[in-house]
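Visitor: Could you take me on a close look at one part of this model, a place where two helices meet? I would enjoy a connected account of it and of what lies around it.

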Amino acid sequence: SHLASLGHTRIGLAVGPRMLVSTLRRERTFRTLMQSRFGTPDNQIPVESSLLSIEGGQSAAQSLIDQGCTGIICGSDAMAFGAIQEANRQGLGVPRDISIIGYEDSPLMRFVHPALTTIRQSTLGISQAAVDFLVNAMRSGDLGSGKEMLFRPELVMRASAGNAPRPT
């Protein structure tokens with residue numbers, strides 16, 4: 001939504017291995033949003049699965065840039081850092097030519113150039129919920145099989161996402 005509000009219509013997703021539940025969820029949600037917001041056919045939605053690492057981000061970004069993406073959402077901050085490196089390698093300015101968003105809000109990402117726009121999940125909130133769950137499970141004997149906790153993330157806006165470039 002943030003990239004769309006900045007005028008991006010060709011947005012790519014760089015996610016981790018498809019054996020991870022978080023990857024499958026992110027990809028499914030991304031595809032649904034791209035179809036509903038832009039009417040993009042499923043087979044034309046740019047998604048790259050790679051390692052959740054700097055090298056994985058470089059590889060995914062290379063493919064997504066080649067597909068004409070002006071915005072990339074990454075499954076981790078390390079991937080986003082790699083995507084910034086790949087954009088720079090190709091002579092693209094971040095965010096002038098391409099916007100990049102990470103996921104985690106790793107403490108060091110505010111010091112990369114440009115500072116990384118990212119998605120933050122409250123580790124304190126998640127930790128507290130996990131402790132509460134375990135304490136309740138120990139008291140009740142109910143291990144809660146099949147129960148799931150979802151947490152609302154927060155967008156941390158920094159400098160790596162900007163207005164979509166004007167078509168040339």
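**Where α3 meets α4**

Guide: Happily! The axes of helix α3 (residues 54-66) and helix α4 (residues 77-89) come within 6 Å of each other, crossing at roughly 50°. Please keep in mind that this is a predicted model. With a crossing angle of roughly 50°, the two helices are therefore oblique to each other. As for handedness, the crossing of α3 past α4 is right-handed.

Now for the residues that do the touching. On the α3 side they are I54, G56, G57, Q58, A60, A61, Q62 and I65. Their partners in α4 are A78, M79, F81, G82, A83, Q85, E86, A87 and R89. Sorted by character, the residues of this contact come to nine nonpolar, six polar and two charged.

Just ahead of α3, the loop that follows β2 (47-49) holds S53. S53 touches A78 and M79, leaving aside residues up to four places away in sequence. A78 and M79 are also among the α4 residues that meet α3. S53 has a relative accessible area of 17%; the cut-off for buried is under 20%, so S53 counts as buried.

If we follow the chain beyond α4, we reach the loop leading to β4 (99-103), where P95 sits. The peptide bond joining V94 and P95 is cis, with omega of about 10°. The loop between β4 and β5 (117-120) also deserves a visit, and P114 lies there. The bond from H113 to P114 is cis, with omega near -5°.

That loop between β4 and β5 is also home to E104 and D105. Neither residue is a glycine, yet E104 has a positive phi of about 145° and D105 a positive phi of about 65°. Their surroundings can be read from their relative accessible areas: E104 is partly exposed at 42%, while D105 is buried at 10%.

Stepping back, the helix pair belongs to a chain of five helices and six strands. From the N terminus on, these elements run α-β-α-β-α-β-α-β-β-α-β. The C-alpha trace spans about 65 × 35 × 25 Å along its principal axes. Of the 168 residues in the chain, 40% are buried. Among contacts between residues at least 6 apart in sequence, 68% join residues at least 24 apart. The chain exposes about 9700 Å², with carbon and sulfur atoms supplying 56% of that area.

Technical notes: Residues are numbered from 1 along each chain as its sequence is written. This is a predicted model: local features need pLDDT of at least 70, side-chain atom pairs count only at pLDDT 80 or more; totals for chains, interfaces and linings use all residues. Side-chain values use heavy atoms; hydrogens and water are left out. Axes are lines fitted to C-alpha atoms, for helices over the stretch in contact, and angles run from 0 to 180 degrees between N-to-C directions. Helices (H or I, at least four residues) and strands (E, at least two) are DSSP runs, numbered from the N terminus. Angles under 35 degrees count as roughly parallel, over 145 as roughly antiparallel, 65 to 115 as roughly perpendicular and the rest as oblique. A crossing is left-handed if the near helix is turned anticlockwise from the far one by less than a right angle, and right-handed if clockwise. Contact means heavy atoms within 4.5 Å. Ala, Val, Leu, Ile, Met, Phe, Trp, Tyr, Cys and Pro count as nonpolar, Asp, Glu, Lys and Arg as charged, and the others, Gly among them, as polar. Buried means under 20% relative accessible area, exposed over 50%, partly exposed in between (1.4 Å probe, protein chains only). Accessible areas come from the Shrake-Rupley method with a 1.4 Å probe; for residues, only the protein chains shown count as cover.
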